[in-house]
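The following account leads through one protein chain, beginning with its nonpolar interior and passing on to a helix, charged pairs and internal space. Please keep the sequence and the coordinates at hand while reading.

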Amino acid sequence: MTNQEPFAAAGAESETTREGVSRRSVLLTVGGAASMAVVPELAVQSASASRLSASTSRVRLAVNGMRHELDLDTRQSLLDLLREDLGLTGTKKGCNQGACGACTILLNGRRVVSCLTLAAMHDGAIVETIEGLEKNGELHPLQSAFVEHDGLQCGFCTPGQIMSAVGCIAEGHAGSPEDIRFWMSGNICRCGAYPGIVAAVADAAKRV
C-alpha cells in the first residue's frame with residue numbers, strides 16, 4: 001500500500017503553480033510584508049509607552065521644616081527622593097519591599113515605610129526624617145535614650161527604629177514593654193538589639 005499525503009485530493013495541483021511560483025514562497029512574501037508593516041506601529045507604541053512611563057509631576061514637600069519644590073518621575077518612591085534628590089541618607093534602604101522598617105519616616109505625623117510610598121502622591125505633605133530630630137545641636141530624647149540603653153549594634157536599622165518609636169510614643173502605644181514590642185514589630189533589627197530598643201523607647205516615653 002502506497003502512503004499518500006493526508007488531505008491530498010486526487011488530481012490536485014502540486015505545490016508549484018502553473019507559473020512555477022511556489023505557494024509557500026507567495027505566503028512567505030505576503031507574511032514578510034505584513035510584519036514589516038507592523039514594525040513601525042510597534043516602534044511608535046514603544047516610544048509612546050516610554051514617554052508615558054517617564055512622565056513627571058511637580059511635587060511640593062516640607063522636609064524637616066524646609067520647603068522643596070521638585071519635578072519628579074511619577075514612579076519615584078519617597079525613599080529615593082529623600083536619598084537621591086535631597087541627600088538625606090539617614091533614611092536607609094533595606095529590603096525595599098516594606099518588610100524591614102529601615103526606611104520608616106513620619107509623613108504628616110504618621111509613620112510610613114517610605115520605600116512603598118510614591119513621592120508624587122504626597123504633594124503638600126510634611127515629612128520628618130532622622131536628620132530633623134536634632135534641634136540646635138541637642139539630640140532628641142529618643143536618640144539619647146538609644147545611646148544610653150545600647151539600643152543599637154551595627155546601626156543600620158537605627159534611624160528607622162527611632163522614627164518608628166517617635167510615632168509609637170505619639171500614638172500612645174508605649175505604655176508597657178509588651179505594647180512597645182507589639183507596635184514596633186514592623187521594625188526588624190538583624191543584630192537582635194531588641195532589649196535595648198524596648199528599654200530606650202520606654203525611657204524616652206517618660207521624657208517626652
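In this predicted model, the largest nonpolar core comprises 23 residues, and Leu142, Phe146 and Val201 have the most contacts inside it. Helices α3, α4 and α6 are the elements that contribute two or more residues to this core. The greatest contribution comes from α4, which supplies six residues. Leucine 142 illustrates the packing: leaving aside residues up to four places away in sequence, leucine 142 touches Ile162, Ala165, Val166, Ile169, Ala200, Val201 and Ala204. Apart from this core lies another, of 14 residues, which includes Leu61, Leu72, Leu78 and Ala125.

Leu78, a member of that other core, leads to helix α2. Within α2, the residues Leu78, Leu79, Asp80, Leu81 and Leu82 are buried. The buried residues of this helix pack against four strands, namely β1 (56–63), β2 (66–73), β3 and β5 (125–128). After α2 comes glycine 87, which has a positive phi, near 70 degrees.

Asp80 also introduces the charged pairs. In general, side chains of opposite charge can pair when their charged atoms come close. The structure contains nine salt bridges. In one of them, the side chains of aspartate 80 and lysine 93 meet with an N to O distance of 2.8 Å. Aspartate 80 belongs to helix α2, whereas lysine 93 lies in the loop between α2 (78–85) and β3 (104–107); the two are 13 residues apart, and the pair links distant parts of the chain. Why does aspartate 80 count as buried? Its relative accessibility is 17%, and buried means under 20%, so aspartate 80 falls in that class. Lysine 93, by contrast, has a relative accessible area of 32% and is therefore partly exposed.

A second example joins arginine 111 to glutamate 171, whose closest N and O atoms are 3.0 Å apart. Here too the pair links distant parts of the chain, 60 residues apart: arginine 111 is in strand β4 (residues 110–113), and glutamate 171 is in the loop between α4 (158–170) and α5 (177–183). Arginine 111 is buried, with a relative accessible area of 19%, while glutamate 171, at 36% relative accessibility, is partly exposed.

A further salt bridge connects the side chains of glutamate 148 and arginine 207, at 2.6 Å from N to O. Because glutamate 148 lies in helix α3 (residues 141–148) and arginine 207 in helix α6 (residues 194–207), this pair ties together parts that are 59 residues apart in sequence. Both helices are also among the elements that give two or more residues to the largest nonpolar core. Arginine 207 has a relative accessibility of 38% and counts as partly exposed. Elsewhere, Arg58, Glu69 and Asp71 are joined into one network by salt bridges that share partners.

The remaining topic is internal space. Rolling a probe the size of a water molecule over the atoms shows where empty space is left. How many cavities of 30 Å³ or more are there? The count comes to one. The largest cavity has a volume of about 30 Å³. It is lined by 14 residues, of which Cys95, Asn96, Cys100, Cys103 and Cys115 are the closest to its centre. Sorted by class, the lining of this largest cavity consists of eight nonpolar, four polar and two charged residues.

Note on methods:
Residues numbered from 1 in each chain as written. Predicted model: local features only at pLDDT ≥ 70, side-chain atom pairs only at ≥ 80, totals over all residues. Heavy atoms only, no water. 1 Å grid on protein atoms, 1.4 Å probe; cavity = no way out; pocket = protein on both sides within 12 Å on 5 of 7 lines; lining within 4 Å. Points joined across faces, edges and corners; volume = space filled by probe spheres on them. Nonpolar A, V, L, I, M, F, W, Y, C, P; charged D, E, K, R; others polar. Salt bridge = Lys/Arg side-chain N within 4 Å of Asp/Glu carboxyl O. Buried < 20%, exposed > 50% of the residue type's maximum accessible area, 1.4 Å probe, protein only. Core = buried A, V, L, I, M, F, W, Y, C linked by side-chain atoms within 4.5 Å. Contact = heavy atoms within 4.5 Å.
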